[in-house]
Amino acid sequence: MNHEKNHADRGCSSCGCSEAGDSQVISLAAQAPASNNIPLFRIPTMDCAVEEGEIRQLLDKVPGIVGLRFQLGARTLAIDAPQDVVAQALAAIRKAGFKPVPATGNDGPGGGHGGNSCSAHDHGHDHPNGHDHSHGKGLTLPEGLPRYGLALLLALGAESLAYFAPDTLLFKGLGMVLAGVAIALAGLSTYIKGMAALRRLRLNINALMTVAVTGAFLIGQWPEAAMVMALYAIAEAIEARAVDRARNAIQSLLAMAPEDAEVRQADGQWLRLPVKAVAVGSTVRIRPGERMPLDGVVTSGQSSVDQSPVTGESLPVDKAPGDEVYAGTINQASSVEIRVTAPAADSTLARIIHAVEQAQASRAPTQRFVDRFAAVYTPGVFLLALAVALLTPWAMGWGWMTALYKALVLLVIACPCALVISTPVTVVSGLAAGARRGILIKGGVHLEGARQLRAVALDKTGTLTEGRPKLVAFEVLDPNDDPAELEALARSLAARSDHPVSQAIAAKLTAATREVDGFQAMAGRGVRGRIDGHDYVLANHRWIEERGQCSAQLEAKMRVHEEAGRSVTILGNSQRVMALLAVADTIKASSVQAVAELRALGVTPVMLTGDNLATARTVAAQAGIDEVRGNLLPEDKLQAVLELKQRFGPVAMAGDGINDAPALAQSDIGFAMGAAGTHTAMEAADVVVMNDDLRRLPEMIRLSRQTHAVLWQNIALALGIKTIFLLLAIFDDASMWMAVFADMGASLLVVFNGLRLLKGSRSNG
């Protein structure tokens, strides 16, 4: 079967369930039910990636499926297959205890707020609407809690009858009825999934609870069986809601973008329309205090905008005509009009959410380790329980009922729920915390790996510097040349390039541009083109030397500017050089602090730039960087990164240009400076810094170290508690109550410990 290449299940996830490995969640567009006629189904009890993996494994056995596309947030699955194959797939899903139904047009990303009740194991709780009303602002009452509360009261009634009522057949029967109703109210869906799992010989939490509770009931421990199931259901519901808080920390950002926008009509009137109906190029008006409904460019008015939801910046940013704005940010000062540059589904905010969804689907190294451990732990404890039930009556002289009861207690302890849930909730919280700070991390592997970085290679323009250079000198080299003519040539070439230096030249010069034929951007060198039948170049120092046009006199002129920290560009043709253009770019104040913080973390900063060495050294000295390499082509930067990896170990690369893309891809972690970064660099990078603030690099390293510490705290807590209760169950008088409290209590403990990463996740920078 040919599903997405990376979807194959890798190892065993929580409680014996197989997770969707390193697969990437492919989000479906809101119109997916009608897209390409691929049927879309809603699976209300598909609560998490574990159950996604279980469904994937089931459908691997169904021939003829072209592809599967899951959206956990909306609990939907699109099955790309012929109609008869789709019917077989649905039958297989139903046989496993799930209930797929055709999705409505409201399902998909954002449908029902995109909420999901995802635990690291099967909950057995059906949330038919899939709504999350918490939006990450704390915990609301879980769905089904009244039903579970009633089950708990009935279980208490059964316990009371067992302790206080006369030991007669009537009261025993009444107690059994109360216990049975309590188990049905709290655990019916657990039983349905458990029986389906047992038929497939899968030891997940539902299978273990089904066996343990049924066994306890049959050996006369029916009050305890009812109490265990009720407590389990309540704890699971609370845990699911707690995990929702982490998973919806990013989804809740969608609520920040307004649902409608005030759009100018052809007759000049203003009309409020749904954002989905606003076309690219439309003019939208945003009043003070309103949020930007869509991405756009300011066309009229000036204001300050709070961009913290998107970039993590704590201070408002001034916006004037020509400046970009992002959906979800807050207009503070005065009315502005913007020209829409992207549809609602492709806004920067929507892309952030989609990227984090994909990142959540890829598992970090610690998660893979825990899953491998769980694959051994669960069947190991199950075999131990079997041995206790069958062998201890002979080996230790226990009664058969005592041995069987202890075995049932071990079954409850056997599920490594707390252990397995400890990793995904922590990683998801870390990813969410990073995104809230303007650090878009494309996977848990990068979140964990950043703590190991020993060196960071930094590009100069747009990374260490503002990336908004200004032309400060235009010098005609031959007095016989017409300055106006040379300005026109230089501006015509520069206007065709998106490099910051070229843009600075084009913005400052005022001559009219001319048609340029055969335009080429030469990476790491400059640009070339044919104007009025003649070839011209705007070249950097290196390219002029390669062309053999660098005289001693020209060298002296360039050196003056380079030693002042300016970037020099030469206008020339095939015969001679014609003009010198010097561009000055100022270093970011935040870069100096970022370099100091990197050093304090034990990370060595190194500058890699295509600019001349003299300019690079000047900027590096201002930033506090000792090691500098200049005049680098893209392949030179790539080689420099490889060399740094040999010297230091894990190396990161931070850049924003096309020149940086190979080095970004080769580094252990590539950081793209996102706000001004090219799409090429952003695609090649593993982490996108949304506000171009270099201080996000040391912040990312600190977040990585904190996440790693919490991961191992959780693993130690989960294993420690499990070990204690395993010993108590065998050698002491541990009850099923204690076992379920140990399992669920440990799960809640690691969940809330992981959620600590979300605290203070707004950037202060």
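This report walks through a predicted model of one protein chain, from its overall make-up to single residues.

## The chain as a whole

The chain has 765 residues, and 57% of them are buried. Its secondary structure comes to 24 helices and 26 strands. About 30,300 Å² of the chain is exposed, and carbon and sulfur atoms supply 57% of that area.

Many contacts span long stretches of sequence. Take the contacts between residues at least 6 apart in sequence: 70% of them join residues at least 24 apart.

## Two nonpolar cores

In soluble globular proteins, nonpolar side chains tend to be buried together. The largest nonpolar core here has 55 residues. Ile 413 and Met 736 have the most contacts inside this core. Eight helices are named as supplying at least two residues each: helix 3 (145-164), helix 4 (169-199), helix 5 (205-218), helix 6 (222-251), helix 9 (365-395), helix 10 (400-414), helix 23 (696-731) and helix 24 (736-755). Helix 6 gives the largest share, 13 residues. Another core, of 37 residues, lies apart from this one. Among its members are Ala 433, Met 607, Ala 654 and Phe 671.

What does Ile 413 touch, beyond its neighbours within four places in sequence? Its contacts are Tyr 377, Lys 722, Phe 725, Leu 726, Ala 729 and Ala 739.

## A seven-stranded sheet

One open sheet has 7 strands in the order 14-26-25-24-15-22-23, and its pairing is mixed. Strand 14 (439-441) and strand 23 (627-629) form the edges, each pairing on one side only. On average, neighbouring strands in the sheet are turned by 20° against each other, direction ignored.

Two helices meet this sheet. Helix 20 (residues 634-648) lies across strand 15, strand 22 (604-608), strand 23 and strand 24. Helix 20 runs at about 155° to strand 23. Helix 23 also packs on the sheet, where it touches strands 14, 15, 24, 25 (669-673) and 26 (687-689). The direction of helix 23 makes about 50° with that of strand 14.

## Strand 24, covered on both faces

Strand 24 (residues 651-655) pairs with strand 15 (residues 455-458) in the parallel sense, over 4 bridges. Ala 455 stands opposite Val 651, and Leu 458 stands opposite Ala 654. Strand 24 is also joined to strand 25 by 4 bridges, and these two strands run parallel. There, Ala 652 has Ile 669 as its bridge partner.

Are the residues of strand 24 buried or exposed? Of its 5 residues, 5 are buried, so strand 24 is largely enclosed by the rest of the structure. Both faces are covered. Val 651, Met 653 and Gly 655 are buried on one side, and Ala 652 and Ala 654 are buried on the other.

## Two buried polar residues

Glu 337 lies in strand 13 (residues 336-340). Glu 337 counts as buried because its relative accessible area is 16%, and the cut-off is under 20%. Leaving out residues up to four places away in sequence, Glu 337 touches Arg 264, Trp 270, Thr 283, Val 284, Arg 285, Val 297, Val 298, Thr 299 and Ser 300.

Ser 492 sits in helix 14 (residues 483-494). Its relative accessibility is 2%, so Ser 492 counts as buried. The side chain of Ser 492 reaches the backbone oxygen of Ala 488 at 2.6 Å. A polar atom of that side chain also lies 2.7 Å from the backbone nitrogen of Arg 514. Not counting residues up to four places away in sequence, Ser 492 touches Ala 512, Thr 513, Arg 514, Val 516 and Ile 531.

## Two loop residues with positive phi

Asp 532 lies in the loop between strand 18 (526-531) and strand 19 (534-539). Its phi is near 55°, a positive value in a residue other than glycine. Is Asp 532 buried or exposed? Its relative accessible area is 56%, so Asp 532 is exposed.

Asn 631 is found in the loop between strand 23 and helix 20. Asn 631 is not a glycine, yet its phi is positive, at about 55°. With 27% relative accessibility, Asn 631 counts as partly exposed.

Key. Residues are numbered from 1 along each chain as its sequence is written. This is a predicted model: local features need pLDDT of at least 70, side-chain atom pairs count only at pLDDT 80 or more; totals for chains, interfaces and linings use all residues. Side-chain values use heavy atoms; hydrogens and water are left out. A nonpolar core is a set of buried Ala, Val, Leu, Ile, Met, Phe, Trp, Tyr and Cys residues joined through side-chain atoms within 4.5 Å. Buried means under 20% relative accessible area, exposed over 50%, partly exposed in between (1.4 Å probe, protein chains only). Contact means heavy atoms within 4.5 Å. Two strands pair if DSSP finds at least two bridges between them. Axes are lines fitted to C-alpha atoms, for helices over the stretch in contact, and angles run from 0 to 180 degrees between N-to-C directions. Accessible areas come from the Shrake-Rupley method with a 1.4 Å probe; for residues, only the protein chains shown count as cover. A polar contact is a pair of N or O atoms within 3.5 Å; within protein, one must be able to donate a hydrogen and the other to accept it, and residues adjacent in sequence count only if both atoms are side-chain atoms.
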